[in-house]
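Please look over the structure below before reading on. This briefing is for a reader who is new to it.

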Amino acid sequence: MEMSSKLLERAVAEISQLPGIGKRTALRLMLHLLKQPEEQTRQLAEALHKMRTDIQFCNRCHNIADSGLCQICANTSRDTSIICVVEDIRDVMAIENTSLFKGVYHVLGGKISPIDGVGPSQLNIPTLVEKVKAGGVKELIFALSSTMEGDTTNFYIYRQIKEYGITTSAIARGIAVGDELEFADEVTLGRSIIHRVPFEISMKNM
Ligand SMILES: [Zn+2]
């Protein structure tokens with residue numbers, strides 16, 4: 001794409017590295033910014049930079065946070081004895097949008113996937129096992145997507161915490177196999193958390 005400006009070319013190249021944004025879209029966005037007051041671009045750049053440098057991860061659940069604890073963990077009305085285990089931060093957002101879950105979360109940061117070279121040690125599994133070991137946890141709800149990797153991850157965690165005798169459940173498989181949690185509609189997702197099933201039964205349905 002001939003752009004007659006190296007500055008524009010560079011901006012387009014940077015933006016088009018983002019997922020889902022091709023060179024055409026990137027160019028359209030940049031041309032839009034050029035038509036707006038300079039202040040708008042400055043604020044955009046500052047917001048992006050600040051998000052990247054200042055964002056933290058909750059030291060209890062690994063969710064994104066603005067300080068050491070995320071807003072969910074810092075909320076004293078949440079039930080810390082029920083932990084919903086999710087793959088990533090987008091799942092927390094999806095479940096929070098249903099407003100039906102009053103427990104807390106644990107973000108694994110991925111799923112066990114030998115093909116992609118992701119083993120248990122690369123995920124936030126030890127901190128979850130520690131929480132269960134420390135006591136005070138009554139139930140773990142597995143809310144990973146129902147793929148082979150999701151099931152493998154659930155089962156791996158289940159084996160680690162089985163001896164502590166807590167309740168383990170899985171979100172009801174109303175969500176079609178292979179559907180990512182983040183795309184499930186809120187009503188379905190909410191229902192699947194309310195009507196969760198004991199983990200052992202969910203395994204038999206696999
Ligand atoms: Zn947290």
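What follows is a short tour, grouped by topic.

This is a predicted model. Its sheet is open and built from 5 strands. Helix 3 lies largely in the open, while strand 4 is mostly covered. A UniProt entry adds one annotated region, residues 58-73.

**The sheet**

- The strands are ordered 4-3-5-6-7, and their pairing is mixed.
- Strand 4 (103-107) and strand 7 (197-198) are the edge strands, each pairing on one side only.
- In general, strands of a sheet pair through backbone hydrogen bonds, either parallel or antiparallel.
- Strand 3 and strand 4 run parallel and are joined by 5 bridges.
- Across that pairing, I83 stands opposite V104 in strand 4.
- Between strand 3 and strand 4 the chain passes through helix 5, and this β-α-β crossover is right-handed.
- Strand 4 has 4 of its 5 residues buried.

**From strand 5 to strand 7**

- Strand 5 (residues 139-142) and strand 6 (residues 167-170) are parallel, with 4 bridges between them.
- I141 has S169 in strand 6 as its bridge partner.
- F142 stands opposite A170 in strand 6.
- The route from strand 5 to strand 6 goes through helix 7 (residues 148-161), a β-α-β crossover that is right-handed.
- Strand 6 pairs with strand 7 in the antiparallel sense, over 2 bridges.
- A170 takes part here too: its bridge partner in strand 7 is V197.

**Helix 3**

- Helix 3 covers residues 38-54, which is 17 residues.
- At 1.5 Å a residue, helix 3 should span 24 Å; its end C-alpha atoms are 24 Å apart, so the two values agree.
- How many of the 17 residues of helix 3 are buried?
- The number is 0, so helix 3 lies largely in the open.

**Helix 5**

- Which residues of helix 5 (residues 89-98) are buried?
- They are D91, V92 and I95.
- Seen down the helix axis, the buried residues of helix 5 fall within an arc of 105 degrees, so they line one face of the helix.
- These buried residues pack against strand 3 (79-86), strand 4 and helix 8 (186-194).
- Just after helix 5 comes S99, with a positive phi of about 55 degrees.

**The annotated region**

- UniProt, in an unreviewed entry, lists residues 58-73 as "zinc finger region: C4-type".
- In the model, residues 58-73 are 19% helix and 12% strand.
- The end C-alpha atoms of residues 58-73 are 8 Å apart.

**A loop residue: N124**

- Where is N124 placed?
- N124 sits in the loop between strand 4 and helix 6 (126-134).
- Is N124 buried or exposed?
- N124 counts as partly exposed, because it has 15 C-beta neighbours inside 10 Å.
- Leaving aside neighbours within four places in sequence, N124 is in contact with H62, H106, V107, L108 and G109.
- R78 is 46 residues from N124 along the chain, and their C-alpha atoms are separated by 21 Å.

Note on methods: Residues numbered from 1 in each chain as written. Predicted model: local features only at pLDDT ≥ 70, side-chain atom pairs only at ≥ 80, totals over all residues. Expected span 1.5 Å × (residues − 1). Buried ≥ 20, exposed ≤ 12 C-beta atoms within 10 Å, placed from the backbone. UniProt positions renumbered as here; feature names shortened; annotations may be inferred. Pairing = 2+ DSSP bridges. Arc of directions from axis to C-beta. Contact = placed C-beta atoms within 7 Å. Right-handed = clockwise from strand over helix to strand, strands pointing away.
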